[in-house]
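Let's take a walk through this fold, strand by strand and gap by gap. Have the viewer open and follow along.

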Amino acid sequence: MRNYMRENGYTAYIVPSSDPHSSEYVADCWKSREWITGFDGSAGTAVITLEDAALWTDSRYWLAADEVLQGTGIELMKDGAENTPTIIAWLTEKLSANQVVGVDGKVCSVAEVEAWQAAFASKGIIINASQDAFDTLWKERPSLPMSMAEQMPIEKAGESASSKIARLRQAIAAAGAEAMAVTMLDEIAWLTNLRGEDVDYNPVLVSYMLVTKDEATLFVDPAKVSTEIIEYLNSEGVRIDCYNSFFAAINGFNGKLLLNPAKCCYAVVESAKCAEIVREASPIASMKAIKNSTEITGFKQAMLAEGKAMVKLLHWLRTAVKGGNLTELAVDSKLTEFRREDADFRGLSFATISAYGDHAAIVHYEPTPATDKQIEERGFLLLDCGGQYNSGTTDITRTIPMGELTQEEKEDYTRVLRGHISLAMARFPKGTCGTQLDVLARQWLWQAGENYLHGTGHGVGHFLNVHEGPHQIRMNHMPAPLLPGVTVTNEPGLYKAGRFGIRIENTMLVVPSLSTEFGEYCAMEPLTICPISKEPIIPELLGAEATAYLNEYHKWVFEQLSGYFSGEELEFLKEACAAL
């Protein structure tokens, strides 16, 4: 790497974990940071200079990264810890005027590169985003993923691609532009009603789109597109071009080009030599967030399948833990086995968090053979999991008592559950954003001097990415409103290092609720169909109102699921859903 840097005039090179599509999960061919450092965590940025090297990653990965980086000459930077410098501060300290920092402009957003340029300008440090060093260095670099495109039929999508594109053209014109560069894979999948298997957990195709007033072009490897799919796309007004032709098309566009600087890769701006750039949030994100009636029906089908699998797992756990050889990975494996009983199941929507005891205090812990912990008849198992089904995407968390609990565990569980229910019961004016509701989930923890540092809720895609925006429920300001048709999770938690972790999550649907002289009001209905453990609850701490909600929720769960069970499983479900 340093030889390459010297030959190309770089004093430093930044290696992020991203791909050209701002994806949460990236294909193997873009795992350059993992290749150069050996660290395989999902998040992190490596920076290499001619003399030094460092890796920034968050607290989820400090222990794992420290072990991997031993003896490599790469220093671990604990991102978010006190006294850890930012990448900009670290590089500014080490570099001088006219020295060049390299980065691949295809895997960094416009906003990122321009922020670096602005920060380095005062010292005269130059950013060069024109080359991908790993095209040269990584001799056995994996090729682009090659899953075949599949059509999501109108019976499941609920709206044709041509209709969506027509709506997008109206939004482009309203933004004062004439075309849009669409680079995010889930936005392309939604817009075209295509799905694929190019990326772990997200059913998407590696592709780009350029939508103008007169044409919509999908840039994708032709080998991934069957004759039937080509005919389908043509009938929807979409033409096909090669994936690698996208930047040439951008270079040839002469007009006002809409792009989202926070998500669109910098290489688009570099290529758009003749275009006038219009910087706006993607209109597709807001369009995609509001689910139509067909998509909502699909969500309910997926949640029913997920609920059946979860009840089978919860019943199985009661016996399995007594055998003395139950582990975190065994729970994950068994749940996948139960999910596969449904013909619509396609795979996981994210890596399962099966975390027992102190592991549950690590917010995004994922068990591995090296960390797999035996589950005992005491304490909590935190299970955060989700599935991809042909009909929809699921995301659920349950904190499951495995046996004896401490008074502290019971109190904290009850406070988290009360916050979950307080948010679930909310009625709010149409147009309210998630930040305005976030305190409802935290209030009971705050009264005890407790808190959690992650968001309370995120959007969920329809047989798409399990995390989608633009709306969120979190403490920091997220202005996107919670409108009818939006799906959003409700997942407060609490984590005590070295002891235990708690999180309770349902996926919710925002629905119209009330119309008064003061305006339109919305509420949230649960989509997730699964019992919530009652054993840890302290009734007087939960309160009468929350108890009534929980009893109604469990009554509904039993009505939805009881017809699918018999014998011991039905008795278990009846007990799990009995009134508190």
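Let's begin with a pair of residues facing each other: Tyr356 stands opposite Leu381 in β17. Keep in mind as you look that this is a predicted model. The pair belongs to an antiparallel match between β16 and strand β17 (residues 380–385), which holds over four bridges. In general, strands of a sheet pair through backbone hydrogen bonds, and they can do so parallel or antiparallel.

Now stay with β16, which covers residues 353–356. In a regular strand, side chains alternate between the two faces of the sheet. Here both faces are covered: Ile353 and Ala355 sit on one side, Ser354 and Tyr356 on the other, and all of them are buried.

Next, look at strand β15, residues 345–348, where you'll find Gly347. Is Gly347 buried or exposed? Its relative accessibility is 17%, and buried means under 20%, so Gly347 counts as buried. Setting aside neighbours within four places in sequence, Gly347 is in contact with Gly387 and Gln388. You can also check Gly347 against Pro203: the two are 144 residues apart along the chain, yet their C-alpha atoms are separated by 9.4 Å.

For a contrast, jump to Lys322, in the loop between α14 (293–320) and α15 (328–339). Lys322 has 60% relative accessibility, and the cut-off for exposed is over 50%, so Lys322 counts as exposed. Try a distance here as well: Lys322 and Cys264 are 58 residues apart along the chain, and 51 Å separates their C-alpha atoms.

Time to head for the N-terminal part of the numbering. An open sheet of six strands runs in the order β4-β3-β2-β1-β5-β6, and its pairing is mixed. At the edges are β4 (75–78) and β6 (126–128), each pairing on one side only. Ignoring direction, neighbouring strands of this sheet are turned by 25° against each other on average. Within it, strand β1 (residues 12–15) pairs with strand β2 (residues 45–49) in the antiparallel sense over four bridges. One place to see this is Ala12, which stands opposite Thr49 in β2.

Two helices lie across strands of this sheet. Helix α3 (residues 62–69) lies across β3 (53–57) and β4, running at about 170° to β4. Helix α5 (residues 110–121) lies across β1, β5 (100–102) and β6, at about 155° to β6.

What about the empty space? Rolling a probe the size of a water molecule over the atoms shows where it is left. Searching the whole structure turns up five cavities of 30 Å³ or more, and the largest cavity holds about 80 Å³ of space. Which element gives the most to the lining of the largest cavity? That is β1, with three residues. The lining includes Tyr13, Ile14 and Val15, along with others such as Trp30, Asp104, Asp132 and Arg141. By type, the lining residues of this cavity divide into seven nonpolar, two polar and three charged.

Last stop: the second largest pocket, with about 520 Å³ of space. It is lined by 16 residues, and Ser59, Ala361, Val363, Leu453 and Tyr495 are the ones that lie nearest its centre. The lining of this pocket divides into eight nonpolar, five polar and three charged residues.

How values were computed: Residues numbered from 1 in each chain as written. Predicted model: local features only at pLDDT ≥ 70, side-chain atom pairs only at ≥ 80, totals over all residues. Heavy atoms only, no water. Pairing = 2+ DSSP bridges. Axes fitted to C-alpha atoms, helices over the stretch in contact; angles between N-to-C directions. Contact = heavy atoms within 4.5 Å. Buried < 20%, exposed > 50% of the residue type's maximum accessible area, 1.4 Å probe, protein only. 1 Å grid on protein atoms, 1.4 Å probe; cavity = no way out; pocket = protein on both sides within 12 Å on 5 of 7 lines; lining within 4 Å. Points joined across faces, edges and corners; volume = space filled by probe spheres on them. Nonpolar A, V, L, I, M, F, W, Y, C, P; charged D, E, K, R; others polar.
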